[in-house]
Amino acid sequence: MDQIAFAPPVDDAALHELRREVRAFLAETIGDHAPGQRIRSWMGNDAAFSRACGEAGYLGMTFPTRYGGQGRTSMERYVVTEEMLAAGAPVGLHWIADRQSGPLLLQYGTEEQRREILPRVAAGECYFCIGMSEPDSGSDLAAARTRAEPVDGGFVINGTKVWTTNAHLAHYMILFCKTEAAEDRHGGASQLLIDLSTPGITISPILNMAGKHEFNEVSFRDVFVPETALIGTRGGGWAQVMGELAFERSGPERFLSTFAVLVELIRHASAEPTREAKIAVGRLTAHLVTMRRMSRSVAGLLQAGENPSLQATIVKDLGAVFEQDLPEIARLLVPRPVGRAGQSDYEAVLDYAILHAPSFSLRGGTREILRGIIARGLGLR
Amino acid sequence: MTDSATQVFADAEEAARCPRDEAAWSAALWARVEEAGFPEALTYDESDGITTADALGIVRVAAAHAAPVPIGETMVAHWLLARAGVAAPSGPLTVGPVVAGEALTAREGDGALYVEGRLSGVPYARFAAGVVVLVEVEGRTLAVCLRAEDIGTEPGLNLACEARDDVVVKTAVPPDRFGPSPTDAAGLFAIGATLRSVALAGALETVLSRTVAYAGERVQFGRPIAKFQAIQHSLAEIASEAAAARAAADMASEVLTGPEARTLAAVAKARTGEAATKSAGLAHQVHGAIGFTLEHSLHLYTQRLWAWRDEFGTEADWSLVLGEAALEAGPAGYWPMITDLDHRVGL
């Protein structure tokens, strides 16, 4: 069962030095943020903060310097993102571009696409969204029907994408669509780089149950894009999008989404620590330390050029359970008064976490899809 | 090292089968363990190219085959004696105290060390050539080698029919059989927790592979039950828990002494214990009634999972240790406390 073994993570003194630098940067930039802001974390948006991250060299860290990047390792990037998330930094605007769209363009994009876009991503000035899910195809991505019809000089796109986080704020979308007919349901798909200011694109808000405008419906009606919009191989979109999901599923954001709740729980439980609270916080700590070990191991494997998609899936599945358990454990240990929703820091983080928790085992692959992937890794499918 | 361990322990499982009121033990298996040089594995240093994690890999493999021998305890006993400058007797060894709060009394006089008292639940004591115990004398922790002839044992068993015996001591130990210990009683207890964590991870690997194999063979409603999504998701959950247990145990096995060792042992024991509970339940569910029989081998592993959760501190005991540290660190110090664990100090 070596497939479930996680190699020891890469670790050295330079990473600890970088960690100290990032902490100093965060103390200076968001040191005054309230817990209610911190809990938003990678759903929090702040253009000035994104630019500051770019100036500090914390974006596009693994991009080569010729594309405006820092030429650093994925472990170094891991340390930076982990510190940002633990501090609840408002990384939402640049998050998708830095995490997956930039790396995708680096791997499959044309030289022109890389030169045009990567330096702006690294500067924290260019935001992306992901066009995967559709009204009739969420978890079943291969059933996506949005079509980009090849025409003279480009493609004409028709279709609708949903649950598109930050489409209303993003400059570009990486669109997963069908470009040709194919026998194989995974065939005939391509990825296109879409400038969201292109005529024919309509972005409509979908408010989540917390009343927040985070995701959108994006419809394409006879949208023309030039053939230079193609990313990678025409018809090879399925393999590309699966590779992209490895970036999407392995990171610390998959278990740190409600970390601010744990910090507030510790703040409140410290006042009069009970045995029950100590055991509960200790148990969560054991989970957190173990998940960090696994997640850092995956980052090390990615850095070594391996494909740890099974391990990444395990981290995401365990991580979602952890993130969802946290607010439930907190509310029983440190109860809050009735009728004062959101009136204190503790309530603000708890309310936000409870209202967003259902999404943690949906976004980036539902729990059911992830467990199916793990089952396949065990040879069951 | 794990390859040679896999060879040595390949057929160990059969020896683990024994009547419910007897302790499983295999002298033949122990002979092979000694021949392979496993007892001394922790006494090598990194310049030999063998890390503590490599050495404890032997314990993981032994547990993956339900081997009825005290390989982990013997390795730790050899390590304690080597650091104390005391020659180790040949044969299986064990360590004590293994229950938090228990201690033997000791005083020095006429060049000898007078040791007296009682320790409970000492692994494999009745089969051991010696018990290495830690005692406090005038503020120093000494590692003492008690030979089999110096002690009395009263047999006891854990849930998996492994010998967990009480040891009664009243003896004078000559000076060549004790020396300064590399760790104190709390440190030894944490090392014990790491041993059990590593073993839990090993047994979980077998529970996973056996359950996956069984689901592929068992046909119901005209197809192998592994084809049912509900079963696949249970197996995925066992795999995730086994992976988490392995990661937690690996981390703890990288460092046996120093301030981080206790914290990592706490993480490992709390996490592997929880993984054991969840996985044993799911594995039995997938196996159906056959897994609940004495005839089937699943219980050799699930009973060990259940027994080992309770030894060297439960999930609650070690979570309490972590929780106290977390609350002491406070809201600002908590995250640095977590990341500081990345600094490692070798054995």
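The exercises below concern a predicted model and are worked step by step.

**Exercise 1.** Check whether the span of helix 7 of chain B agrees with its number of residues.

Solution. Helix 7 of chain B covers residues 229-253, which is 25 residues. The expected span is 1.5 Å times one less than the number of residues, and for this helix that comes to 36 Å. The end C-alpha atoms lie 36 Å apart, so the two values agree. As for its surroundings, 23 of the 25 residues of helix 7 are buried, and the helix is mostly covered.

**Exercise 2.** Decide whether Ser181(B) is buried or exposed, and describe its surroundings.

Solution. Start with the location: Ser181(B) sits in the loop between strand 8 (178-180) and helix 6 of chain B. Buried means under 20% relative accessible area. Ser181(B) has 15% relative accessibility and therefore counts as buried. Next, list its contacts beyond four places in sequence: Leu80(B), Leu134(B), Thr141(B), Leu142(B) and Ala143(B). Ala82(B) is 99 residues from Ser181(B) in sequence, yet their C-alpha atoms are 9.4 Å apart. Finally, the side chain of Ser181(B) reaches the backbone oxygen of Thr183(B) at 2.5 Å.

**Exercise 3.** Describe the largest nonpolar core and name the residues with the most contacts inside it.

Solution. The largest nonpolar core contains 196 residues, and Met84(A), Phe128(A) and Phe9(B) have the most contacts inside it. Helix 6 (residues 185-217) of chain B supplies the largest share, 17 residues. Another core, of 21 residues, lies apart from it and includes Phe155(A) and Phe220(A). Turning to Met84(A), its contacts more than four places away in sequence include Val22(A), Phe25(A), Phe49(A) and Tyr58(A).

Notes
Residues numbered from 1 in each chain as written. Chains lettered and ligands numbered in written order. Predicted model: local features only at pLDDT ≥ 70, side-chain atom pairs only at ≥ 80, totals over all residues. Heavy atoms only, no water. Helix = DSSP H or I, 4+ residues; strand = E, 2+ residues; numbered from the N terminus. Buried < 20%, exposed > 50% of the residue type's maximum accessible area, 1.4 Å probe, protein only. Core = buried A, V, L, I, M, F, W, Y, C linked by side-chain atoms within 4.5 Å. Contact = heavy atoms within 4.5 Å. Polar contact = N/O pair within 3.5 Å; in protein donor to acceptor, adjacent residues only side chain to side chain.
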